[in-house]
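Biologist: I am new to this structure. Please walk me through how to read its features.

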Amino acid sequence: MPPKRRNHDIIEVENVGMDVDAEPDSDSEEEARRRSRNRRSKSQRKAKQVSEDEDEDEEEEEDEPPRRRGRRKTTKTDEDETPQRRGRGKRTKPQDSDEDEEGDKRRAARKGSKASKKKAAKETSDEESEEEKVGRKKAGRAVSKKEKEEQNKEQKGNVKGKDGENKDKKKKKKMSSSSSSSSSDSDEESLSEGEIAALKEQVEEKKKLIATLRNKPWRMNKRLSLLKEAQDFVEKFEGALGKGKGRRLYAFKVMMTKKLIKFNRDFENFKTACIPWERKIKEVESHFGSSVASYFLFLRWMYGLNLVLFGFMFGLVVLPEVLMGLPYGSIPRKTVPRDEEDTAMDFSVLFDFGGYCKYSILFYGYYNNDRTIGVLQYRLPLSYLLTSVGVFGYSLLVVIRTMARNANEGGDGGDEGEFIFSWKMFTSWDYLIGNPETADNKYASITTSFKESIVDEQENQKDENIHLRRFLRVFANFLILCSLGGSGYLIYFVVKRSQEFAKMDPKTLTWFENNEVEFVMSLLGLVCPPLFETIAELEDYHPRIALKWQLGRIFALFLGNLYTFLFALFDEVTAKLETEKSIKNATEWALHQYYANYSSFYNTTDVPPPKVAPADVIRGPCWETGVGREFVKLIVSDVQVTYLTILVGDFARAFIVRFLNYCWCWDLEAGFPSYGEFDISGNVLGLVFNQGMIWMGAFYAPGLVGMNVLRLLTSMYYQSWAVMACNVPHERVFKASRSNNFYMGLLLLVLFLSLLPVVYSMMTLAPSFDCGPFSGQEKMYDVVIETIDQDLPAFIGNIFIYASNPGLIMPAILLMILAIYYLNTVSKAYQQANTDLKKKMQMAREDEKNRRNNKDSTNQVMKDLEDLMPDKSLAPPPAEEEKPPEVVIDKSVKPTKTKPGTAEKGVNVQKEVSLAAPNPRRPVTRAPGPRGGPPGNTRSPQPQPGKGRGQGAAPRR
Amino acid sequence: MGSSSSSLNNVPDGQQLMQETGFSAAHLLRLYERFKFLDKDNRGHLRSEDFEAVPELSENPIGDRIVGAFFLPGQETVDFSSFVRVLAHFRPTEKNRTRAGAQPEPANSRNRKLKFAFRLYDRDRDGKISRTELLQVLREMLGMQVTEEQLQSIADRAIQEADLDKDDAISFDEFRKSLEKVNIDHKMSIRFLE
């Protein structure tokens, strides 16, 4: 190890030598002398080293100067370099002590010349026209050097003095505060010396540009804009370098920008910290991969959506009714009926959402049908209807917008796949991690991401028998269709039977016959998903795609669930509507009787309403509240089941596996029960269907949204704890697609499905006559019509009448279809254009790379450009003289070397190279580095394959 | 140049280091304070144990290599000037400064940064990252989580990706190429040295 290290050190020293050579004003004798000495000392040192080393370094030296010299240089940089050279000089060759003095002298001289130039430029920058500037500049140069030098020094001293002040202040501060705060210090100091130097340099550069603009081979437009830019710049920053006010102002500005930057950074951090559960999700992601994290992201998104829905429902419906509506117990619909009063507070009843719960703001029935309530004349029934519709509208909007945005995001991941593993290996660690826990997470996340990439890679490299695979896939789909059809029929059959049972006397039925539907449903839910998973093994998809299929299939299965639920509900509703009709008739008849009796008895037409306590009033079944209760009960039982499953299926299992493993006859952890995996598909679908229930139920039970918000909140914590504590990562961790549009698609479908029954009930079913905001209306939407008729000006009513005319609706629908068709076509065209552009960009980039890497170009401008490019090779290109041997070697060695065993692509590339080599002006398709190799090769040609051109660093051993 | 150098006086070779590395006086002062902070016994130099006190380094999978990069070959200690010279690699590059024909590559250029990173992986300093060297890093980074077989395939794959001349090792050029699109200037910069 040590000798190698020294080697590297020497190289660094050589770089210094290179620096020295790079002096542009090397014409002075001093310089030349110095350089030769430099070289001498170097070679002395190098003698100890391996010979190859020396060659290369010398090559470096010889090669560098001409290239560098060709460049234009500002005198400013010389000043910078001199001390640097001095510093390194000390390190490399302490024997020449006169070096420093020389350097100083030269530095002073340079400063003089520089000052003159600068002054001239400063003067010129005030002028408007270019010509004058140049003229002036020339004149300016003629001004005596000494004067300028003095001026310059003064100026500098001033600047430094200021700086010193700053620093002193800062020092005091530092002493008082602890030394650990990092960024605040640099912010305090408004203008550091380095910055001033940089600024000076920039101003200098700009001035130079202004001076030489005339000679540039650019278009007039470009020249003008550049000139303007440069002038602005000089004007702006000249003040900073000058004295007094301008500088202070500038310093203030700089300070403010720094403050602003810091503030922005802090604000960004703050924003990140404000994203709820970001850290939790990241932690899960680092251990379980992006697929599991995608579920939690979805959950979080859902939580946000529900929060907004809750805001709507609560703010526009629940709160007004609580604040401005009649209090509890004032009217029958807000009172617990007499026969239920005894049990109304029982826990079992409350838990079933009966009793007081049933007659609370949670449910539809509680709301009064007064057209306006409170002093604000708030139209509650109208708001109830519009909010319920608005919830659907908003959800649709958000889901579709999110899908569209995600689709955009998914598009640009195309060109990442070039150096996946190298990047992961070299750049994935975050060097700012100092916390052991974070470090653990980072380890886990790197591992996971490697695993994900491995799975992707395996998938890419799968060499498959396409016919067999196709057959298996068709076969698997057939099997799954069969089982889906079978379970669908089973559900249909069972539901039908249950309807028959419902007609019979419930006492004659057994327990099984009573609960047959639920039993069959949960059995199907238990058996089918694993069955599908097993069948999906046949298909051998990438796990990401397999997950989508699995999701789709279970979704289809669960639709049956939904169907039975709605079916049962609908039966209940029709039954309730019947009873309600009879009760309504009876009540009306009773009232009629009462009025008739009263008027005949007292002989008056002014009949007061019957005095009955609200609790004693006979009332209808209020089917809306019934439906709402069903939904609420369903959600609650769903929550219970989910949480219990996690507790038993994951936690208890993990507990047993972990602790019983010490005294068990086989390895529980590796063997049979093992730890559970996180069930992505089940959880996602659970979430989706849960949301469907919320959408459907929110109309009948406005409090449902609030309950759902609570549920999502708890399950976020609970599940993320459970997954970290009890589950193990999937065997094949795979990368989820960045957009979880598939989940969104399912959600959209469910949203649509849940929209149907609600709208149907709004439009066709008659609302209960004695409960809810729409009581007394024929249909629920009559509230809207009523409002239009009574509260809005007449012409709006007319507009609505026209708008609802079929003659207008048909063309509107037609227009919409046409618009969809048009937009679809346009989007396809854009997609096409997009892919074309991508291709073009790829090509352009490769082209550029080739050009950049072609170091053989003799064009001066091109060389300059190349030097500006950030990537210069480690091994410098060889001197021009060494070209011929390279070509020879290439021609003779390459073709034989590369042909055996290399991939097609490699051969192609290398062929191109060997073709390109003889003609130096042609583009070469590889890095400049390899050309460092040939010198080594010329000396000791290595015949074995792979030791060829591409080894810039090989000879350095 | 009065007062600025007086504050720099405490720092050994202050002016010289400033010019050499491009750090401003304030940065140097700060670095010096940090240096003294790490140097618990005021010996004027640091040992590798001192570096291990930095949690960021002790947590890093290749932390020991980074620490090793501070030490000149054969030396047990590092003094302030070499400390600063190594850190100069991490000085952020100035954005708005076109280095049109300016100085020779400063230590914080992209190339030098990359070279520094490359040396961290190139353990035996032969100018190439070999398969075994990659495997070492991978083992430190992934540990027991991944099977040995997979580790090897990752290493093979990484080499295959970056290796252009088919010598089963990654040379600096290949390393540079593979990281062409990575924003090294950003990644290998210490913010407070701006």
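Modeller: Start with a definition. A salt bridge is a side-chain nitrogen of Lys or Arg within 4 Å of a carboxyl oxygen of Asp or Glu. Keep in mind that this is a predicted model.

Biologist: What is the general idea behind such pairs?

Modeller: Side chains of opposite charge can pair when their charged atoms come close.

Biologist: How many salt bridges does the structure hold over all chains?

Modeller: There are 17 over all chains. Take Asp352(A) and Lys633(A): their closest N and O atoms are 4.0 Å apart. Asp352(A) sits in the loop between helix H13 (347-351) and H14 of chain A, and Lys633(A) in helix H22, so this pair ties together parts that are 281 residues apart in sequence. Asp352(A) is partly exposed at 36% relative accessibility. Lys633(A) is partly exposed too, at 24%.

Biologist: Which salt bridge lies within one helix?

Modeller: Look at helix H11 (residues 244-274) of chain A, which holds both Glu268(A) and Lys271(A). They are three residues apart, about one turn of the helix. Their closest N and O atoms are 3.5 Å apart. Glu268(A) is partly exposed, with a relative accessible area of 43%. Lys271(A) is partly exposed at 41%.

Biologist: Which residues are linked in a network of salt bridges?

Modeller: Glu278(A), Lys282(A), Glu285(A) and Arg300(A). Within that network, Arg300(A) pairs with Glu278(A), the closest N and O atoms being 2.8 Å apart. Buried means under 20% relative accessible area. Arg300(A) has 19%, so it counts as buried. Glu278(A) is buried as well, also with 19%.

Biologist: Which charged residues form a negative surface patch?

Modeller: Glu533(A), Glu537(A), Glu677(A), Asp679(A) and Glu731(A) form one. Place Glu731(A) in the loop between strand S2 (727-728) and helix H25 (741-763) of chain A. Its relative accessible area is 75%, and Glu731(A) is exposed.

Biologist: Now the cysteines. Which of them does a disulfide join?

Modeller: Cys622(A) and Cys771(A), with 1.8 Å from S to S. The structure holds one disulfide over all chains. The link is right-handed, with 95 degrees about the S-S bond. Cys622(A) lies between helix H21 (543-602) and helix H22 (623-659), while Cys771(A) lies between H25 and helix H26 (782-791), each in a loop of chain A, so the pair ties together parts that are 149 residues apart in sequence. Both cysteines are buried.

Biologist: And where is the nearest cysteine sulfur to Cys665(A)?

Modeller: That sulfur belongs to Cys663(A), 9.8 Å away. Cys665(A) is in no disulfide. Cys665(A) is exposed, with a relative accessible area of 71%. Cys726(A), by contrast, is buried at 2%.

Biologist: What should I note about the backbone angle phi of Cys622(A)?

Modeller: Phi of Cys622(A) is near 55 degrees, a positive value in a residue other than glycine. Gln377(A) also has a positive phi, near 55 degrees. Find Gln377(A) in the loop between helix H14 (355-358) and helix H15 (380-410) of chain A. Gln377(A) is partly exposed, with a relative accessible area of 47%. Cys622(A) is buried, at 8% relative accessibility.

Biologist: Chain B remains. How far apart are Leu120(B) and Arg65(B) in sequence and in space?

Modeller: They are 55 residues apart in sequence and 5.8 Å apart in space, C-alpha to C-alpha. Leu120(B) belongs to helix H8 (residues 110-121) of chain B. Leu120(B) counts as buried, at 8% relative accessibility.

Conventions:
Residues are numbered from 1 along each chain as its sequence is written. Chains are lettered from A and ligands numbered from 1 in the order in which they are written. This is a predicted model: local features need pLDDT of at least 70, side-chain atom pairs count only at pLDDT 80 or more; totals for chains, interfaces and linings use all residues. Side-chain values use heavy atoms; hydrogens and water are left out. Patches are made of residues with over 30% relative accessible area and no salt bridge: like charges are joined within 9 Å, nonpolar side chains (Val, Leu, Ile, Met, Phe, Trp, Tyr) within 5 Å. Accessible areas come from the Shrake-Rupley method with a 1.4 Å probe; for residues, only the protein chains shown count as cover. Lys and Arg count as positive and Asp and Glu as negative; His and the chain ends are not counted. The place of a charge is taken as NZ of Lys, CZ of Arg, CG of Asp or CD of Glu. Helices (H or I, at least four residues) and strands (E, at least two) are DSSP runs, numbered from the N terminus. Buried means under 20% relative accessible area, exposed over 50%, partly exposed in between (1.4 Å probe, protein chains only). A disulfide is a pair of cysteine sulfur atoms within 2.5 Å.
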